[in-house]
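Colleague: Before I plan anything around this chain, I would like to go through its charged and aromatic side chains with you. Could you take me through them one at a time?

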Amino acid sequence: QVQLVESGGGLVQPGGSLRLSCAASGSIFRLSTMAWYRQAPGKQRDLVADITSGGSTNYTDSMKGRFTISRDNAKNTVYLQMSSLKPEDTAVYYCNARGIGTDWRHFEVWGQGTLVTVSS
């Protein structure tokens with residue numbers, strides 16, 4: 001089994017910054033794309049950004065310039081640096097990872113989510 005553990009959420013004032021982390025562990029042979037999604041109250045879960053094992057990144061347009069996704073392959077960890085935060089960024093942020101397990105099967109797993117609240 002593969003598990004994702006997220007950290008770094010919390011309360012931040014508008015205009016502030018926050019960094020989320022997500023560490024993967026378990027029966028991992030190779031991780032491929034890792035991603036961050038978010039879900040605001042009453043809304044669907046949407047992609048924030050993703051990053052391939054080679055470091056290629058993709059962002060939802062509204063996040064470009066404010067959010068930066070990165071990863072440390074040696075630590076099986078993905079990060080999301082968020083800046084210039086707005087109240088509308090308030091949501092539960094979920095980590096997602098795809099890859100191949102030690103059983104040679106493809107997997108896709110989700111973290112438990114971490115709440116980010118942007119409010120004064």
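Colleague: Does Arg66 count as buried or exposed, and at what relative accessibility?

Modeller: This is a predicted model, and the answer rests on a cut-off, since buried means under 20% relative accessible area. The value for Arg66 falls under that limit, so Arg66 counts as buried, at a relative accessibility of 12%.

Colleague: Which side chain does Arg66 meet in a salt bridge, and where do the two partners lie?

Modeller: The closest approach in this salt bridge, N to O, is 2.7 Å. The pair links distant parts of the chain, with Arg66 in the loop between strand 6 and strand 7 and its partner, 23 residues apart from it, in the loop between strand 8 and strand 9. That partner counts as buried, at 1% relative accessibility. The side chain that Arg66 meets is Asp89.

Colleague: Which residue forms a salt bridge with Arg98?

Modeller: Arg98 lies in strand 9 and its partner in strand 10, so the pair ties together parts that are 10 residues apart in sequence. Arg98 is partly exposed, with a relative accessible area of 39%, and the partner is partly exposed as well, at 43%. The closest N and O atoms are 3.5 Å apart, and the residue is Glu108.

Colleague: What is the nearest side chain of opposite charge to Asp50, and how far away is it?

Modeller: Asp50 lies in strand 5, residues 45-51, and is buried yet has no salt bridge. A salt bridge here needs the nitrogen within 4 Å of a carboxyl oxygen, whereas the nearest side chain of opposite charge to Asp50 is Arg98, which is 7.3 Å away.

Colleague: Are the planes of Phe29 and Trp104 stacked, edge-to-face or tilted?

Modeller: The pair links distant parts of the chain, with Phe29 in strand 4 and Trp104 in the loop between strand 9 and strand 10, 75 residues apart. Phe29 is partly exposed, with a relative accessible area of 45%, while Trp104 counts as exposed at 60%. The ring centres are 4.6 Å apart and the planes stand at 55°, so the pair is tilted.

Colleague: Over the face of which ring does Arg45 lie at 3.6 Å from the ring centre?

Modeller: The charged end of Arg45 sits over the ring of Trp110, 4.7 Å from its centre, but that is not the distance you asked about. At 3.6 Å from the ring centre, Arg45 lies over the face of Tyr94.

Definitions and conventions:
Residues numbered from 1 in each chain as written. Predicted model: local features only at pLDDT ≥ 70, side-chain atom pairs only at ≥ 80, totals over all residues. Heavy atoms only, no water. Helix = DSSP H or I, 4+ residues; strand = E, 2+ residues; numbered from the N terminus. Buried < 20%, exposed > 50% of the residue type's maximum accessible area, 1.4 Å probe, protein only. Lys, Arg positive; Asp, Glu negative; His and termini not counted. Phe/Tyr/Trp six-rings, centres within 6.5 Å; stacked < 30°, edge-to-face > 60°. Lys NZ or Arg CZ within 6 Å of the ring centre and 35° of its normal.
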